[in-house]
Amino acid sequence: MREFEAERERRAALGDPAWGKGAQLPAEIVRSIQKFQVGEDGDGSALSGKADLAGDPVYSEAVRLFIAEEQNHARMLKLLLEAGGAGTLDGHWSDAAFVRVRRLLGLRVELLVLMIAEVVALAYYQALRDGVTDPLASEVAGRILADEERHVPFHCLRLREGLAGLPRPARRAVTAGWRGLLGGAAALVAVDHGPALRALGVSRGAFVARTLRSSGWMARAMSGGPLPASAERGAGVGAGV
Ligand SMILES: [Fe+2]
Ligand SMILES: [Fe+2]
């Protein structure tokens, strides 16, 4: 949790990107960012309610700070779209479906589903940061990416605790199933955002492959394996998250 608080202070000190300089965004990138903006813009009430039920106030507070970071992503993407002369969408079918499914779930499964979104987002913002020519868009993507890189180990650690009570084969089945769903979700996003990804220089297949490759250590960490050193720093493990 201290990691989240430190990040909040760092963010306040850093201030916002210079929105006034405007952004030159190709149409396919605008459409793609609009959809991700809707996805980031949840209120998180379902997740924080479930986190409260878990009865761990430190975790509840960390989840609130996590949700605030996601809302900041939505805010930055909105301002980026405005800087590029574009608006936001009211909603997107994939997001509505996602929210509906998540409402039905308990904390563990909710986190597994949320982790799918987080890991796909990692690959997406990385592609955007590295592939977009507009400097403002690249800066916003880089900032969001840095947050997502902390979110993933944060959820992994909680899931590791949540799955620890299961026998090893069941844990394996859960993480294998999770990776299967992740591959499916990455493929859907790759098709839906195909033109934008192409403009960013990433093929659909490469996007899916990248997402799946990055999930190996996460699956191992969830089922009791170690977190890589870089992820451990990101999650603020030493800081008691
Ligand atoms: Fe996010
Ligand atoms: Fe995130």
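These are my notes on four helices of a predicted model.

Conventions: I number residues from 1 along each chain as its sequence is written, and chains are lettered from A and ligands numbered from 1 in the order written. In this predicted model, local features need pLDDT of at least 70 and side-chain atom pairs count only at pLDDT 80 or more, while totals for chains, interfaces and linings use all residues.

**α4 and α7**

I looked up how helix α4 (residues 57-83) meets helix α7 (residues 135-163); helices here are DSSP runs of H or I, at least four residues, numbered from the N terminus. Their axes (lines fitted to C-alpha atoms over the stretch in contact, with angles from 0 to 180 degrees between N-to-C directions) come within 11 Å and cross at roughly 160 degrees. That makes α4 roughly antiparallel to α7 (over 145 degrees). I listed the contact residues (C-beta atoms, placed from the backbone, within 7 Å): among them are Phe66, His73 and Leu77 of α4, and Val140, Ile144 and Phe154 of α7. By class, I have 11 nonpolar, 2 polar and 4 charged residues in this contact.

**α8**

I checked the length of helix α8 (residues 168-192): its 25 residues should span 36 Å at 1.5 Å a residue (times one less than the number of residues), and its end C-alpha atoms are 36 Å apart, which agrees. Its buried residues (20 or more other C-beta atoms within 10 Å of their own, placed from the backbone) include Trp178, Leu182 and Val189. I found α6 (107-131) and α7 among the elements covering the buried residues of α8.

**α6**

I found that α6 reaches 35 Å from its first C-alpha to its last, close to the 36 Å expected. In α6, 18 of the 25 residues are buried, so this helix is largely enclosed by the rest of the structure.

How values were computed: Helices (H or I, at least four residues) and strands (E, at least two) are DSSP runs, numbered from the N terminus. Angles under 35 degrees count as roughly parallel, over 145 as roughly antiparallel, 65 to 115 as roughly perpendicular and the rest as oblique. Two residues are in contact if their C-beta atoms, placed from the backbone, lie within 7 Å. Ala, Val, Leu, Ile, Met, Phe, Trp, Tyr, Cys and Pro count as nonpolar, Asp, Glu, Lys and Arg as charged, and the others, Gly among them, as polar. A residue is buried if 20 or more other C-beta atoms lie within 10 Å of its own, exposed if 12 or fewer, and partly exposed in between; C-beta atoms are placed from the backbone.
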